[in-house]
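User: Hey, I've got a structure to get through for class and I'd like to walk through it with someone. Can I throw some questions at you?

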Amino acid sequence: MKNSRRVTLSWDGRPSEGARPPLAKAAALEPVYCADDGSALYAGDNLQVMRAMARAVGEVFSLVYMDPPFLTGRVHEATSRGDRATRPAFDDRWTDRASYLEALGPRIAAARALLAPHGSLVVHVDPKTSHYVKVLCDELFGEDAFASEIVWRYRRWPSKTPNFQRVHDVLLRYRKDPATPPRWNVLYEPLAPSTLAAWGKKKQRAVVGEGGRRLRSSSTDEATPGVPMGDVWDIGVIAPVSRERTGYPSQKPEALLERVIGALSNEGDWVLDPYAGSGTTLAVARRMGRRAAGIDESAVALETAAARLRGLAPLAEGAPAPAC
Ligand SMILES: C[S@@+](CC[C@H](N)C(=O)[O-])C[C@H]1O[C@@H](n2cnc3c(N)ncnc32)[C@H](O)[C@@H]1O
């Protein structure tokens, strides 16, 4: 579809493009944790740090995964794993939706500036904000850069509500440059029971007639790896007793990040998470042989993520982190 007329999102008092506040102060790139391969965790406002990264390293990331606060209107607390004591981790209170979008927009733009031409941004939001964030991303990336809307479907204890249970989040994927072949590794999911019953685990091939019309399928001798993965992902939330649970609020399951990172980056690639939280993206990326950078402004997040990463990197307790 040709889009000759640009569609944009507007709200009362939205700053114009030229009126965006300039970078107040150049952020120094001083990691609070770093590993031998250059993977690092930075403290501070991610807008400042991403802008400083853009000046220092440019377009190096194959993947930026962003999991911002969801406009819940409350302070989220971390629970200590031992004595179950709680303390504030991050503040998700905003004047209104407009102020939330005013904060998110420049951060999406800053993340885009760090992507390699083959790279992707994945923004993780919920259905209350996903439609606004999608239009914001269309503006910032161009509509043709939109690649996927992934629905992460989970199961949880039902709430009392005169409504359908809310059991999904939304992950929006945008490509930096639609003209460049993207970093892409196809993932597979198991065959449906009906397909297994009809064809077993043999690969099927479409028999195509004149004009490219698919006539039927035939079975080959090759074993199938499954069906290419769709955009609805059924992945459980982290169980209360799971070993991966850190006690940090809004922690995402490693299985979710394994899919995002596995599909959109290769070993040795750089992956960035500007809303690092408990460090899920960094932990999974490093385990999968990627180099990872994370940013967070919460001291509780940085402490949690650094401890988690120390469990992966063979650093002695209290030893100075290696220079990046
Ligand atoms: C939803 S949590 C991320 C959870 C993470 N994906 C995980 O699995 O643990 C959002 C995080 O973004 C951080 N944050 C919010 N605004 C920020 C900003 N402007 N700069 C840096 N970090 C920010 C919060 O401190 C919080 O840790």
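User: Which residue in E8 does Val 122 stand opposite?

Analyst: Keep in mind that this is a predicted model. Strand E6 covers residues 115-125 and strand E8 covers residues 168-175, and the two pair in the antiparallel sense over six bridges. Across from Val 122, the residue in E8 is Arg 173.

User: In what order do the nine strands of the open sheet come?

Analyst: Strands in a sheet pair through backbone hydrogen bonds, and that can be parallel or antiparallel. Here the pairing is mixed. Neighbouring strands are turned by 20° against each other on average, direction ignored. Reading across, the order is E1-E2-E15-E14-E3-E6-E8-E7-E13.

User: Which strands stand at the edges, each with a single partner strand?

Analyst: An edge strand has one partner, so one of its sides is left without a neighbour in the sheet. That fits the two ends of the order, which starts at E1 and finishes at E13. The edge strands are therefore E1 (31-34) and E13 (232-234).

User: Over how many bridges do E1 and E2 pair?

Analyst: These two form a hairpin with five residues between the strands, where Gly 38 takes a positive phi near 95°. One opposite pair is Pro 31 and Tyr 42 in E2. The strands run in the antiparallel sense, and the count of bridges is three.

User: And what is the bridge partner of Tyr 42 in E15?

Analyst: E2 pairs with E15 too, in the parallel sense and over four bridges. In E15, the partner of Tyr 42 is Ile 295.

User: Is Ser 39 buried or exposed?

Analyst: Ser 39 lies in the loop between E1 and E2. It touches residues including Cys 34, Leu 282 and Arg 286. Leu 282 is 243 residues away in sequence, yet the C-alpha atoms are 8.1 Å apart in space. With 23 other C-beta atoms within 10 Å, where 20 or more count as buried, Ser 39 is buried.

User: How about Arg 84, buried or exposed?

Analyst: Arg 84 is found in the loop between E4 and E5. Its phi is near 65°, a positive value in a residue other than glycine. It has 8 other C-beta atoms within 10 Å, and 12 or fewer counts as exposed. So Arg 84 is exposed.

User: What about Ser 250, how covered is that one?

Analyst: Ser 250 is found in the loop between E13 and helix H5 (254-264). It has a positive phi of about 65° although it is not a glycine. Its count is 18 other C-beta atoms within 10 Å, so Ser 250 is partly exposed.

User: How many residues of strand E3 are buried?

Analyst: E3 (residues 61-66) pairs in the parallel sense with E6 over five bridges. E3 also pairs in the parallel sense with E14 (residues 270-273), over three bridges. The strand is mostly covered, and the number of its residues that are buried is six of six.

User: Which strand does the direction of helix H7 make about 170° with?

Analyst: H7 (residues 299-310) packs on the sheet, touching E1, E2 (40-43) and E15 (291-296). Its buried residues, among them Val 300, Leu 302 and Leu 309, also pack against E4 (75-79), E5 (86-91) and helix H6 (280-287). The strand in that angle is E2.

User: How far apart are the end C-alpha atoms of helix H3?

Analyst: H3 (residues 130-141) has 12 residues, and at 1.5 Å a residue they should span 16 Å. The model agrees with that, because the distance between the end C-alpha atoms is 16 Å.

User: Which residue just after H3 takes a positive phi?

Analyst: The buried residues of H3 include Val 133, Leu 136 and Phe 141, and the buried set packs against helix H2 (97-114), E6, E7 (146-153) and E8. Just past the helix, phi is about 95°, and the residue is Gly 142.

User: How many residues surround the ligand?

Analyst: The closest ones are Tyr 275, Gly 277, Ser 278, Thr 280 and Ser 298. The shell divides into seven nonpolar, seven polar and five charged residues. In total, the number around the ligand is 19.

Terms used: Residues are numbered from 1 along each chain as its sequence is written. This is a predicted model: local features need pLDDT of at least 70, side-chain atom pairs count only at pLDDT 80 or more; totals for chains, interfaces and linings use all residues. A residue is near a molecule or strand if its C-beta atom, placed from the backbone, lies within 6 Å of it. Ala, Val, Leu, Ile, Met, Phe, Trp, Tyr, Cys and Pro count as nonpolar, Asp, Glu, Lys and Arg as charged, and the others, Gly among them, as polar. Two strands pair if DSSP finds at least two bridges between them. Axes are lines fitted to C-alpha atoms, for helices over the stretch in contact, and angles run from 0 to 180 degrees between N-to-C directions. Two residues are in contact if their C-beta atoms, placed from the backbone, lie within 7 Å. The expected span of a helix is 1.5 Å times one less than its number of residues. Lists of a residue's contacts leave out its neighbours within four places in sequence.
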